[in-house]
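Notebook open, coffee poured. I want to go through the sheets, a helix pair and a few local oddities.

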Amino acid sequence: MRILENVNLLKGQKLSIKLDEKIEYFKNMYLKDATFRLRRMHIERYAKFDCAVIFFDGMIDTEKLNNGLIRSLLVSEAVNTQNSIIEYIEKQILFNNEVSKTDDIYMMIQAINLGDTVILLDGTRESLVVNTKGWRTRGIQEPDDERILQGPREGFDEAIMLNAAMLRRKLATPDLCLERLTVGVKTQTNVFVCYLESLADEKLVRKVISEIKSINIDGILDANYISELINKNRFSLFKTVGTTERPDIVAARLLEGRIALIVDGTPVVLTLPYLFVENFQSDDDYYLNFIYAGLGRVLRYVCYHLSVLLPAVYLAVTIFHPNLLPAYFYASISSARSGVPFPSSTECIILIFIFEILRETGIRMQQSVGHALSIVGGLVVGQAAVDANLVSAPLLIVVAFSGISGLIVPRLKAAVIYSKIFLVILTSFLGVFGLFTGITLLHVHLYSLDSFSVDYLDTISVFSKNSLKDTIVRAPWWKMLKRPSAFTKDLIRQRRNND
Amino acid sequence: MIKKITVLAVLMAIILSGCSYSDYTEPENRTVVTAMLIKRELATYTVVLEAVNVEDTEKEEKYKPEYLTGWGESLSAAVDKIQSEVSSELSLFHCPLIICDDITFERNQNEIFDYLIRNPQISLAAYFVLADTFDYFIDSEKEMSAFLGYEITDMIELKNINSDIINILRGREKPPEIMVDKNNKYIFSEN
């Protein structure tokens, strides 16, 4: 048996002319693979030759293989007008929609791994690769994490070709480019780099492709592998590579001059460059009336800030600066705190962790159990903890409100949790001064970030009337005449009839 | 190098700000003072603090006041005496009302001003009132008179322009024109 550590080493290698040796080669390679199938045939009707087909069971469409390939090979009566037998089979015999020739062992292995069938022929180094893909997919469903009130309900699937087709259906233009790359020594995962040629920055496209080509890892099982490997801001709390499972979002981002990466085996598609404002944008903003959508987006900004700041502000005010609160309000906080064994800051961090545990458990559990868990965790345990004087009611309300506010911006989930804890710790030591030090450090960090050479805060920090049309609120479509200027070649999004 | 300078700058800022972990006091460890009464007899100051009694108040009940009394040669000493007798830290931040004995203020004006201005816990927005007896405030059975209160900032202003501050506080003289409409306020209703 051949032990092959890196299939890429086979690139450019060729098989023997003799069919027996070819068969022996593949049999040796897949000696311990129970799904490998080989069928040898002897043809005598239109020409006399031996051949064999190799494929993986479960990966192919049996109908396509039997009727389109084996049947046509065995029973065809077409008159041979070609110079060689391989060209005759390719051009006159096979019914399949996609047939190609190759003499590269690597290409053959790649083909059968993806569900194609390879026809090995005696007397030639070349083989035919026939499209017989037939593995099952999950199908098109609405992504759970990106549900919307109004608009398209379709989401990506795990099959890269289906995903590409969904994108192609949204962007029916030859301007759409889908460049294929293969990443992962063992997984040989296909990645499509998608962009609109007339809009995307060519330098950025080449940079992304070169970054992906430089990845040398054994396997890519999800888009996040690539996201982490090509991202320069590796320790940042804030996402600088976008993710989505919705083809309409990918299409919208490509229409702004961005680049998308479709990775085989996952419904998650990466988009880049990804800016801070995108965390607050939702599909609904574009599919609902702009007045209503504007309110939703403002709420998202407000809730993000509440979520990050509220626990720290509460601690700063109650522990260090009680003079900022009315006397009887402060007295009621004081009354609620009496008997609680932990200091406020410790209590706050414990409550944040408990909230995150409940949230995480709710996500991982079955939906029905998840709901019950939320009720038991949130109401029953919370009330019992307050009654038992383990936690104080005001802080419980603050942490719960902060946690719930954070859920409104799911893309900033990690950033919200870590920023909140960071500010709580700083505030516990230094009061309001610590709070403002923390806020300053977070801002310094945000300003230092970039997503593929585009400033992370581009549309917020640089005042531009055009960019601001899609930041805090969304301007009506008839006002958004231009694309964001940071990463596109063509700024004009919309032309008026008299332009 | 840049990292070192940043860390140094942050540390310097923390140290220079005066803000430190020593200011950390849990809410339940503070006694919220809602009024301060000042009197001086012979050489001793008597200070009575009205505080919110959190512990003896049942839920859904209005907070009961408790009165803490201290004596000393100065106002600070009297307040410190009270502090030494209570387990939690006195918080004068919320004290909106300072009531001073009429005669005491007349004789010790500078000392009282000095204490009110220099004590960082006392808000300059607190009202200062003159009264001839404390009984009005402590004993609810007693009849109340009308008292005219001025914010401490206004009193500083009155002092700066050399007004007859005592008689203005007593209500016998009108405050300067600029202060009539905006600053004076009746603290208690007239009976």
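Before I count anything on strand pairs: two strands pair if DSSP finds at least two bridges between them. I also keep in mind that this is a predicted model.

**Entry 1, a strand pair.** I looked up strand E4 (residues 117-121) of chain A first, and found 4 bridges joining it to strand E5 (residues 127-130) of chain A. The two run antiparallel. I picked out one rung: Val118(A) has Val129(A) in E5(A) as its bridge partner.

**Entry 2, the sheet around it.** I then asked in what order the strands of this open sheet come. I get E1-E2-E4-E5-E3 in chain A, 5 strands with antiparallel pairing. Strand E1 (36-43) and strand E3 (99-102) of chain A have a single partner strand each, so one side of each is left without a neighbour in the sheet. On average, neighbouring strands here are turned by 25° against each other, if I ignore direction. I also checked what packs on this sheet, and it is helix H2 (residues 62-75) of chain A. H2 touches E1, strand E2 (49-56), E4 and E5 of chain A, and its direction makes about 30° with that of E1(A).

**Entry 3, another sheet.** Further along chain A I noted an open sheet of 5 strands in the order E6-E7-E9-E10-E8, with antiparallel pairing. Which strands stand at the edges? They are strand E6 (176-183) and strand E8 (242-244) of chain A; each has a single partner strand, so one side of each lacks a neighbour in the sheet. The average turn between neighbouring strands of this sheet is 25°, direction ignored.

Inside it, strand E9 (residues 259-263) and strand E10 (residues 269-272) of chain A pair in the antiparallel sense over 4 bridges. Leu261(A) stands opposite Leu270(A) in E10(A). For the helix side, I found helix H5 (residues 160-170) of chain A lying across E6, strand E7 (189-196) and E9 of chain A. H5 runs at about 10° to E7(A).

**Entry 4, a helix pair.** I moved on to helix H12 (residues 344-364) and helix H15 (residues 413-448) of chain A. Their axes come within 9 Å and cross at roughly 170°. Angles over 145 degrees count as roughly antiparallel, and H12(A) and H15(A) are therefore roughly antiparallel to each other. The crossing is left-handed. I listed the contact residues: on H12(A) they include Cys348(A), Ile349(A), Ile352(A) and Phe353(A), and on H15(A) they include Ile417(A), Ile421(A), Val424(A) and Ile425(A). By class, I get 8 nonpolar, 2 polar and 4 charged residues in this contact.

**Entry 5, charges.** How many salt bridges does the structure hold over all chains? I get 38. I opened one of them, where the side chains of Asp57(A) and Arg37(A) meet at 3.1 Å, N to O. Asp57(A) sits in the loop between E2 and H2 of chain A and Arg37(A) in strand E1 of chain A, so I checked the spacing: 20 residues apart, a link between distant parts of the chain.

**Entry 6, backbone oddities.** Most residues other than glycine have a negative phi, and most peptide bonds are trans. I flagged two exceptions. The bond joining Leu272(A) and Pro273(A) is cis, with omega about 0°; Pro273(A) is in the loop between E10 and helix H9 (283-287) of chain A. Asn389(A) has a positive phi, near 60°, and its place is the loop between helix H13 (367-387) and helix H14 (393-406) of chain A.

Note on methods: Residues numbered from 1 in each chain as written. Chains lettered and ligands numbered in written order. Predicted model: local features only at pLDDT ≥ 70, side-chain atom pairs only at ≥ 80, totals over all residues. Heavy atoms only, no water. Axes fitted to C-alpha atoms, helices over the stretch in contact; angles between N-to-C directions. Contact = heavy atoms within 4.5 Å. Parallel < 35°, antiparallel > 145°, perpendicular 65-115°, else oblique. Left-handed = near helix turned anticlockwise from the far one by under 90°. Nonpolar A, V, L, I, M, F, W, Y, C, P; charged D, E, K, R; others polar. Salt bridge = Lys/Arg side-chain N within 4 Å of Asp/Glu carboxyl O.
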